Amino acid sequence: MCGIIGCVGRDDTLDTLIHGLSKLEYRGYDSAGIALAGNGALHIRKRAGELDRLRESIDGEDGLSGTIGIGHTRWSTHGPPTDHNAHPHADCTGTVAVVHNGIIENYQALKDELEAAGHTFESDTDTEVVPHLVEAELAAGAAPGEAFRAAIDRLDGSFAISCVLDDSDSVFVARNDSPLVLGLGDDETYLASDVPAFRAFTDQVVYLADGEFAELRSDGWRVTDASGEPIEKSVETIQWDAEDTGKSGYDHFMLKEIHEQPRALRQCLRGRVSELDGDVTVPELGDIELERVHLVAAGTSYHAAVYGAQLLCDAGISAQAHYAHEYAISPPPIENATVVGVSQSGETADTLAATREARRLGAETLALTNTVGSTMARECDKAFYIRSGPEIGVAATKTFAGQQTALNLLAEAATPGAGDRDLVSALRDLPGNVQEILDESTAESVAEAYIDADSYFFIGRGLNFPVSLEGALKMKEISYEHAEGFAAGELKHGPLALVTANTPVFATVTGDGEYARKTIGNVKEVEARDAPVVAVTDGRSNVGRYADHVLDVPQTHPRVAAILANVQLQLVSYYTAAMLGRSIDKPRNLAKSVTVE
C-alpha cells in the first residue's frame, strides 16, 4: 500500500519527487523519503511521519540535487514507522538506493545469507535485502541493469521496486503483484504507483504488467521481460485533469468527493441508460449471460457487492457476495459462475487473488472497477468501469455510490427484456437527487447532537442492510469511534444488549413495504431501551414519528433509495470526524489501496 515515485530528465528532480509524494500520501503516511542520484553521488533523506516532516528536514539544504530520483511514502508492514525503517534503503557502500511497495516473503532467509556474507542491516524492513542483493551482484562484476535483474530474481512475494545507483543515469523498475505505471513526457520519464503522482506533467502512460522490468533514462525508456527481452507496450492517454486531484477549496478530499457524487454518477450513467427506450445498455459487457454470480470484494467494495448480490437475486439470478480473502483460499463450487471482482482501485491484493483463482478454475471473470488500466481490469475477461474519477480520500465515498449504480446497470443489462422503466427514470434523476441531499442535509446538526456517544449503531433491511454496514464503516474509519452495522432483525439476537441511552441508532427505512414495517418494529425495540433514533427515510413510512432526528432522502425507486441514504450517512460520519478533530483524509493505520495480503 506504499507509494512510489521516480523521475528522469527533469532539472527540478527534488521538487518533482516531493510533488509526487504529496499526491500519493493516500497510499501511506507513516514515513516519507527520497533518493537523488547522478554525477557519482547518492543523497538519501527520509523521516518518519507525514510528508511535511521530510519537507521540513530538507528545506533550504544546499547541495541536495541529482539528475534522477526516486521517492516513497510508507504504510508500515515490516517494522514500526521510524526514521531507520523509512524508505529508501541503501546498501553497505551507500551507492545503491531502493524503494518498495509489497511484501518480500523470503526476506529472512535472504537477510541471514547476506549477514553471513558480511552485510550490515540498519532497519527492520523486508525491503533492505534488495539493495544488498544488488550490491553483491555489482561486486561480482555485473552491470547495473544485470545486477538489479539478478536481485529481483531472488525475491518471493509481491513487489513494485525501483532502484537508483550513484554512478548510473538510469532508474531500474520491476513489478510483481503491485501496481506501477510509467509517465511519458517530452524530455522526461516518470514512474509511480498511481497516475496522480505525475499527472500534472503528462497524460501519456504505460502500465506495467507482472513480471515486467523497465529502465528509465534521460534519452528514453524500455520495458523487458525477466530474461531481458524487449516488450512492446501501448501508450494510453489519461482522460482526467490534474486539477481533479486537488481539494478545490474544500477542507478535506473526503468532503470534496462527497460533493462530486452528482458528477461522478452522471459519468457512470452516460451512454448506458436510455429513458426513451426504457432500457440499459452496457457495451463493455457484450452479450454477457449471468447464470450464477459470485461477487468478490473487501471493505467498502464488499458492501457494494452485498448490495449487488441482492439486486441480481431480485432479478432471478443466483448471486452471492464473498469476502475476497476467504474466497481466494476456499472458493465455493464455481461451475457456470461468473466471478465479479469489485474494487475501486483494481489493485486490491485480496480481490486480485480471488479473481485469479476463479480464472484458474475456469470461471468467466468481470472487473467492476474505477481505474482504467488497473491489474484487475487487464486480467479479467471483461472490465466495467464506474467512471467516478480520481478519489484521493482514504475513506471511499463517490466510488461506493458509483459501484452501487454500476451494479444496478449490471443487473438490468443481464436481464434483457425485463427493463424497468421506473428504475431507468430513477437512475436518470439520481444525480439531481444526490445534489438535493447535499444542498439540504441536516447531517451536521445530527452529528453535533451525538458527538459524545458511546457507540453508533446502524440498522437496515434488504438493500438498506449493506448501506448500514457502510455507514458504520465510514464512522469507524474516520472518527475512530466504535460503530457497528447490523441487519435490523439481528438486533434482538445479541447486539440489543449493548444499546443504551448513549447509543444512537441510525435506522435506514425507505418505502412502506414489509422491510420498512419490520424495521420500524426494531426502531421501537431500541426506543424502549432509551436509545436515541436517527431515521434516514424517504417519508413513505411513519418511522419519523419514532425518531429523535430525521435525515430525509427524496422519494424514488427502492433500488436507488439505498444510494441516496448512503449519502446522508457519509455526511454524518464526515461531520462527526471533523468535530472530533480527526485526520479525515489520512485516518490512522489505513491506506487507500490495499495491495498486500
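Buried residues have under 20% relative accessible area, exposed residues over 50%, and partly exposed residues lie in between (1.4 Å probe, protein chains only). The model is predicted: local features need pLDDT of at least 70, side-chain atom pairs count only at pLDDT 80 or more, and totals for chains, interfaces and linings use all residues. Residues are numbered from 1 along each chain as its sequence is written, and side-chain values use heavy atoms, with hydrogens and water left out.

**Figure 1. A salt bridge joins Arg 356 and Asp 177.** A salt bridge is a side-chain nitrogen of Lys or Arg within 4 Å of a carboxyl oxygen of Asp or Glu. In this pair the closest N and O atoms are 2.7 Å apart. The bridge links distant parts of the chain, the two residues being 179 residues apart. Arg 356 belongs to helix α10 (residues 349–360), and Asp 177 to the loop between β8 and β9 (181–184). Helices (H or I, at least four residues) and strands (E, at least two) are DSSP runs, numbered from the N terminus. Arg 356 is partly exposed, because its relative accessibility is 27%. Asp 177 is also partly exposed, at 27%.

**Figure 2. Within helix α10, Arg 360 and Glu 357 are about one helical turn apart.** These two residues form a salt bridge whose closest N and O atoms are 2.8 Å apart. They stand three residues apart in the helix. An α-helix has 3.6 residues a turn, so residues three or four places apart point the same way. Arg 360 is exposed, with a relative accessible area of 59%, whereas Glu 357 is buried at 16%.

**Figure 3. Helix α15 (residues 464–479) contains a salt-bridged pair, Glu 477 and Lys 474.** The N to O distance of the bridge is 2.8 Å. The partners are three residues apart, about one turn of the helix, and both are buried. Of the 16 residues of α15, 13 are buried, so the helix is largely enclosed by the rest of the structure. The expected span of a helix is 1.5 Å times one less than its number of residues. For α15 this gives 22 Å, which agrees with the 22 Å between its end C-alpha atoms.

**Figure 4. Tyr 480 and Asp 530 each have a positive phi.** Most residues other than glycine have a negative phi, and most peptide bonds are trans. Tyr 480 comes just after α15 and has a phi of about 65°. This residue lies in the loop between α15 and β23 (483–487) and is partly exposed, with a relative accessible area of 22%. Asp 530 has a phi near 75° and sits in the loop between α16 (514–528) and β25 (533–537). With a relative accessible area of 58%, Asp 530 is exposed.

**Figure 5. Pro 88 and Asp 91 lie in the loops on either side of strand β5 (89–90).** The peptide bond from His 87 to Pro 88 is cis, with omega near 5°. Pro 88 is in the loop between β4 (68–74) and β5, and Asp 91 in the loop between β5 and β6 (96–104). Asp 91 is buried, at 7% relative accessibility. Residues up to four places away in sequence aside, Asp 91 touches Val 96, Pro 131, His 132 and Glu 135, contact meaning heavy atoms within 4.5 Å. The C-alpha atoms of Asp 91 and His 132 are 4.8 Å apart, although the residues are 41 residues apart in sequence.

**Figure 6. Helix α5 (residues 144–153) has buried residues that pack against helix α4 and several strands.** The buried residues of α5 are Ala 147, Phe 148, Arg 149, Ala 151 and Ile 152. Their packing partners are α4 (129–139), β7 (157–165), β8 (170–176), β12 (213–217) and β13 (220–224).

**Figure 7. Five residues are linked in a network of salt bridges.** The members are Asp 169, Glu 215, Arg 217, Asp 219 and Arg 222. Side chains of opposite charge can pair when their charged atoms come close. A search of the whole structure finds 27 salt bridges.
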